[in-house]
Amino acid sequence: MTWLRCRVADVRTVRRAFGGTFNDVVLAAVTGGLRELLSARGERLPARGVRSLVPVSVRAPGQEDVRDNRVSLLLADLPVHMADPVARFLAVRDELGRCKAAGEAEAGAAVVGLARHEPFPLVAAVVRSGWRIPQRTIVTVTTDVPGPRHTLYGLGRELQEIIPYVPIASTLRIGIAIMSYRDVVTIGLTGDDTVTDLDLLAAGIEGDLKRLVALAEADRQEPGELR
């Protein structure tokens with residue numbers, strides 16, 4: 001496992017310049033990192049993208065204090081074949097928009113909701129059956145959790161940092177956990193025993209976000225001074 005950090009302010013700079021959501025920006029940087037990783041390995045960059053399982057919150061307004069998990073899933077194809085950082089960001093933004101418009105989150109929420117009403121053995125049997133189905137289309141999971149902006153304390157001591165972790169299972173090779181705390185976004189990377197180059201992925205994500213920030217700041221200039 002390894003991790004990297006970036007500033008919340010940098011993510012917001014990109015969002016203000018090019019639109020989209022906070023999650024779109026971070027996923028675009030992750031896509032750039034995956035592109036760097038595949039390129040460093042000498043692997044082909046698939047035009048169909050790298051499919052990632054993306055958990056999303058389906059918590060309705062006013063339910064922020066309900067203490068349970070209200071999470072659904074999207075299957076997003078991350079466009080690692082695109083070289084231009086801004087074009088890649090826009091493609092990620094559009095892909096996530098497509099998934100949401102297609103009702104993937106609602107469908108996943110229905111499955112999650114079923115588990116709250118049906119007997120556990122029945123639901124567990126369905127889940128186990130699903131995991132037995134061979135699949136090679138999902139190779140990573142990317143989860144983004146907004147953390148507290150204020151400082152947390154435990155036993156009278158200040159919590160300095162939160163390092164997120166997402167487990168991997170089945171055919172998943174890489175887990176990417178994203179969490180903000182105060183003014184910092186920390187991205188935790190987990191790989192199975194076949195992934196020995198997580199540092200390359202971390203450097204790729206960090207570098208891509210820096211490029212997006214630089215391009216976003218350039219867009220603030222006068223039209224004649226733009227890239």
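**Close-up A. Helix 2 and helix 3 meet in a right-handed crossing.** This view, like the others here, comes from a predicted model. Let's start with the geometry: the axes of helix 2 (residues 22–41) and helix 3 (residues 85–101) come within 9 Å, and they cross at roughly 120°. The two helices are therefore oblique to each other. On the helix 2 side, the contact is made by Asn23, Asp24, Val25, Leu27, Ala28, Thr31, Gly32 and Arg35. Helix 3 answers with Arg88, Phe89, Val92, Arg93 and Leu96. Sorted by character, the residues of this contact divide into six nonpolar, three polar and four charged.

**Close-up B. Helix 3 also packs against helix 6.** Here the partner is helix 6 (residues 198–218), and the axes of the two helices lie 10 Å apart at an angle of about 100°. Helix 3 and helix 6 are therefore roughly perpendicular to each other. If you would like to find the contact in your viewer, look for Pro85, Val86, Arg88 and Phe89 of helix 3. Facing them in the contact are Asp208, Arg211, Leu212 and Leu215 of helix 6. This set divides into five nonpolar and three charged residues, with no polar ones. Two residues of helix 3 are worth a second look: Arg88 and Phe89 are part of the contact with helix 2, and Arg88 and Phe89 are also part of the contact with helix 6.

**Close-up C. Ala76 is a buried residue of strand 3.** Strand 3 covers residues 71–78, and Ala76 lies within it. Because its relative accessibility is 0%, below the 20% cut-off, Ala76 counts as buried. What does Ala76 touch, leaving aside its neighbours within four places in sequence? Its contacts are Val50, Arg51, Ser52, Val54, Glu95, Leu96 and Cys99. Among them, Leu96 belongs to the helix 3 side of the contact shown in close-up A. Val141 makes a handy landmark too: it is 65 residues from Ala76 along the chain, and the C-alpha atoms of the pair are separated by 9.9 Å.

**Close-up D. Leu155 and Arg182 are two loop residues with positive phi.** Leu155 sits in the loop between strand 5 (153–154) and strand 6 (157–158). Its phi is about 55°, a positive value although Leu155 is not a glycine. Is Leu155 buried or exposed? With a relative accessible area of 91%, Leu155 is exposed. Now move along to Arg182, in the loop between strand 7 (174–181) and strand 8 (184–191). Arg182 is likewise a residue other than glycine, and its phi is positive, near 60°.

Technical notes:
Residues numbered from 1 in each chain as written. Predicted model: local features only at pLDDT ≥ 70, side-chain atom pairs only at ≥ 80, totals over all residues. Heavy atoms only, no water. Axes fitted to C-alpha atoms, helices over the stretch in contact; angles between N-to-C directions. Helix = DSSP H or I, 4+ residues; strand = E, 2+ residues; numbered from the N terminus. Parallel < 35°, antiparallel > 145°, perpendicular 65-115°, else oblique. Left-handed = near helix turned anticlockwise from the far one by under 90°. Contact = heavy atoms within 4.5 Å. Nonpolar A, V, L, I, M, F, W, Y, C, P; charged D, E, K, R; others polar. Buried < 20%, exposed > 50% of the residue type's maximum accessible area, 1.4 Å probe, protein only.
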